[in-house]
Amino acid sequence: MSILKAENICKSFGNTEVLKNISFTMEKGEALTLIGSSGSGKTTLLRCLNFLETPDSGRITVHGDVLFDSENTGNVSEKELRRRRLHFGMVFQNFNLFPQYTALENVMLARQLIAREQPDFKNNKKAIMEEIESEAHELLKKMGLSNREGNYPHQLSGGQCQRVAIARALAMKPDILCFDEPTSALDPELTGEVLKVIRGLAESDTTMIIVTHEMSFAHDVSDEIIFMDNGYIVEKGTPQQLMDDPQEERTKQFLSHYADTNS
């Protein structure tokens, strides 16, 4: 069974159609990359999957659990929305760390808030909090940030902030980790350290959806690539199929632009 199945996802803002019948599936451990020009719908698709936006129509299923079905919507409570979002971890372009909390506290915060809602929290508070803190230490160590746990975001470089944001997303133990252009807010010299972390996650079979303009990185890290244009999926395939031997003229035009800028 596929871990994620998106069927005929449509989304409009006013009279502007941003997503037009988007359908794809993902398997566990797969790294899927979305490429395309700015405004092609990539970020909106991520936001619909994370329920930061509500699709106008379509169906989203994770592990066979129907999270959204436009034919059977009804009223969705905030608690139910939070439950659906837990399937996805989101790493934003601009980190979105809380400036008043240290790196360690940023990683722990969401887990702590969710733990407080559990019925057994009061009876097991100490053990639960110790487990959350221990896992946060391990995640920051994995990100190469053990010596930065007590630093606040303003005391960290952009690359370090993004690695804290990745640790925070992983702390929620999502089924699918989503990256929305994770290096776009970074100086070029800091981009490599974040891409190295994502590459390591791919090698450890973390299920990921990545929106990026880093074409060589997309080629190296992806199991499948989707090229989007004007709200449509124009072409999809392995990196070798889509980037080395594209079939659609629009895909060829897009990739030739990157070839020109990198030559």
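Student: Why is Arg111 called buried?

Tutor: Happy to start there. In this predicted model, Arg111 has a relative accessible area of 17%. Buried means under 20%, so Arg111 qualifies.

Student: What makes Arg111 and Glu135 a salt bridge?

Tutor: Their closest N and O atoms are 2.7 Å apart, and the cut-off is within 4 Å, so the pair counts as a salt bridge. Arg111 lies in helix H3 and Glu135 in helix H4, so the pair ties together parts that are 24 residues apart in sequence.

Student: Is Glu135 buried or partly exposed, and why?

Tutor: Glu135 has a relative accessibility of 23%. Partly exposed runs between 20% and 50%, so Glu135 is partly exposed.

Student: What about Glu117 and Arg82: why do they count as a salt bridge?

Tutor: The closest N and O atoms of Glu117 and Arg82 are 3.3 Å apart; that is within 4 Å, so the rule is met. Glu117 sits in the loop between H3 and H4, while Arg82 belongs to helix H2, 35 residues apart. Glu117, at 49% relative accessibility, is partly exposed, and so is Arg82, at 37%.

Student: And how do you know that Arg163 is buried?

Tutor: Its relative accessibility is 11%, and buried means under 20%, so Arg163 fits. Arg163 also forms a salt bridge with Glu193, with the closest N and O atoms 2.8 Å apart. Arg163 is in helix H5 and Glu193 in helix H6, so this pair links parts 30 residues apart in sequence.

Student: How do you know that the length of helix H3 agrees with what is expected?

Tutor: At 1.5 Å a residue, the 14 residues of H3 should span 20 Å, and the end C-alpha atoms are 21 Å apart, which agrees. H3 does bend, by about 40° at Leu109. Its buried residues, including Leu109 and Arg111, are covered in part by H4 and H5.

Student: What makes H5 mostly covered?

Tutor: In H5, 13 of its 14 residues are buried. Just after H5, Lys173 takes a positive phi of about 55°.

Student: Let's turn to the sheet. Why are S2 and S5 said to stand at the edges?

Tutor: The open sheet has the strand order S2-S1-S4-S5, with antiparallel pairing. Strands S2 and S5 each have a single partner strand, so one side of each is left without a neighbour in the sheet.

Student: What makes S1 and S2 a pair?

Tutor: Seven bridges join S1 to S2, and pairing needs at least two, so they pair. Within this antiparallel pair, Ala6 stands opposite Phe24.

Notes
Residues numbered from 1 in each chain as written. Predicted model: local features only at pLDDT ≥ 70, side-chain atom pairs only at ≥ 80, totals over all residues. Heavy atoms only, no water. Helix = DSSP H or I, 4+ residues; strand = E, 2+ residues; numbered from the N terminus. Buried < 20%, exposed > 50% of the residue type's maximum accessible area, 1.4 Å probe, protein only. Expected span 1.5 Å × (residues − 1). Bend = angle between axes of the 7 residues up to and from the residue. Contact = heavy atoms within 4.5 Å. Salt bridge = Lys/Arg side-chain N within 4 Å of Asp/Glu carboxyl O.
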